[in-house]
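User: I am new to this structure and should like to go through it by question and answer. Please show it first.

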Amino acid sequence: MRTDDFDYDLPPSRIAQQPPVERDGARMLVLDPRTGAVAHERILDLPQHLDAGDVLVLNDTRVLPARLLGRRASGAPAEILLLRETGPVEWEVLIRPARKLAVGAEVTFDGSPLRAIVTGDGGGETRRVRLVGDNPLAEVRRIGVMPTPPYIKATLQDPGRYQTVFARREGSAAAPTAGLHFTERLLRAVKTRGVSIVFITLHVGLDTFAPVREADPKAHRIHREAFSLSPDVVAAVAAARRRGGRVIAVGTTCVRVLESCATDEGLVTAQAGSTDLYILPGFRFRVVDALLTNFHLPRSTLLMLVSAFAGRERVLDAYREAIRLAYRFYSFGDCMLITERAAP
């Protein structure tokens, strides 16, 4: 297995630069990994693929406006992206230009008393900073910019469209994008089918932005991300198993949390901590039975996870079909429902 095995060509015109007019207006490619058959539907058709007794798992993380645009002591620009809180007012960050900001360097922000002081390396491409000022997090919320991914070049007119309608636990550097498609009417339609809806939390961090550069994907190091899974989720998964229902994950973040907390019986345990679970083809899924996910970047850990779930050839064939039919890709794009996990 090589990283090149997860590559594909995507015309730039297929990268969605803005969310759809209607939040629940996305197209949905439905993939049956047993046969490779695909169908072309809408996200509003999702409830028709769910059965009474199933449980739908969503990520309720909330994106922090974590992109801070400031200045170095020289007056030259600097940019800090808050990734993960490591202690009181201490953060792991991506910082530009990193080579110009040594330990002890300070970044200030126009019109704000907030200061960021570089305190050390975070490992790999990351650094550590300390935020200084009265109530630094409140000031981050006031002056920060929503950290949309680098492939989105257009200005986001409504920052609320980069939050899910159920976002409540702040801490992410990026949205759990499969959840962006959901509206209150879609959630109601899911519940009407007799499907339970539960929430886990995973705060999305560095690996949303980090490509796999190693030729062998097993050599790639995935960063830890904070998560929590409550007793309510444990009970819902156990009830679904008793009823013969399925566990449907909305997004790769939910997959990683559920499988990080999995038991050999296909259940989960309540936990809070951090995970660096890295899912590659050959992984044995124990909890997740079906997956709703967006289309992911070439050579990314997320595409590798989806390939592990549905089979690499099936997934890449579906991607080629989606490109041919002008599906919209990535964070603000369309989605794919994988109706079950591929045979091991």
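User: Which residue takes a positive phi in the hairpin of strand 1 and strand 2?
Analyst: This is a predicted model, in which local features need pLDDT of at least 70 and side-chain atom pairs count only at pLDDT 80 or more, while totals for chains, interfaces and linings use all residues. Residues are numbered from 1 along each chain as its sequence is written, and side-chain values use heavy atoms, with hydrogens and water left out. Helices (H or I, at least four residues) and strands (E, at least two) are DSSP runs, numbered from the N terminus. Six residues lie between the two strands of this hairpin, and the one with a positive phi, near 80 degrees, is Gly 36.

User: Which residue of strand 17 stands opposite Leu 31?
Analyst: Two strands pair if DSSP finds at least two bridges between them. Strand 1 pairs with strand 2 (residues 38–42) in the antiparallel sense over five bridges, and there the bridge partner of Leu 31 is Val 38. Strand 1 also runs parallel to strand 17 (residues 335–338), joined to it by four bridges. In strand 17, the residue opposite Leu 31 is Ile 338.

User: Why is strand 1 described as largely enclosed by the rest of the structure?
Analyst: The term buried means under 20% relative accessible area, exposed means over 50%, and partly exposed is in between (1.4 Å probe, protein chains only). Strand 1 covers residues 27–31 and is largely enclosed because the number of its five residues that are buried is four.

User: Which residues of helix 2 are exposed?
Analyst: Helix 2 (residues 184–192) has Leu 186, Leu 187 and Val 190 as its buried residues. These cover an arc of only 100 degrees around the axis (taken from the directions from the helix axis to the C-beta atoms), which puts them on the same side of helix 2. What covers them includes strand 3 (55–59) and strand 12 (196–202), where contact means heavy atoms within 4.5 Å. On the other side, the exposed residues are Arg 188, Lys 191 and Thr 192.

User: How many disulfides does the count come to?
Analyst: A disulfide is taken as a pair of cysteine sulfur atoms within 2.5 Å. The sulfur of Cys 254 has its closest cysteine sulfur in Cys 261, at 11 Å, which is too far for a bond. Cys 335 is in no disulfide either, as the nearest cysteine sulfur, that of Cys 254, is 14 Å away. By this rule, the number of disulfides is zero.

User: Which helix gives the most to the largest nonpolar core?
Analyst: A nonpolar core is a set of buried Ala, Val, Leu, Ile, Met, Phe, Trp, Tyr and Cys residues joined through side-chain atoms within 4.5 Å. The largest has 67 residues, and those with the most contacts inside it are Tyr 8, Tyr 162, Leu 258, Phe 329 and Met 336. With seven residues, the one that gives the most to this core is helix 5 (residues 301–310).

User: Which side chain shares a polar contact of 3.0 Å with that of Arg 127?
Analyst: Arg 127 lies in strand 10 (residues 126–132) and counts as buried, at 9% relative accessibility. A polar contact is a pair of N or O atoms within 3.5 Å; within protein, one must be able to donate a hydrogen and the other to accept it, and residues adjacent in sequence count only if both atoms are side-chain atoms. A polar atom of the Arg 127 side chain lies 2.8 Å from the backbone oxygen of Leu 101. The side chain joined to that of Arg 127 at 3.0 Å belongs to Asp 121.
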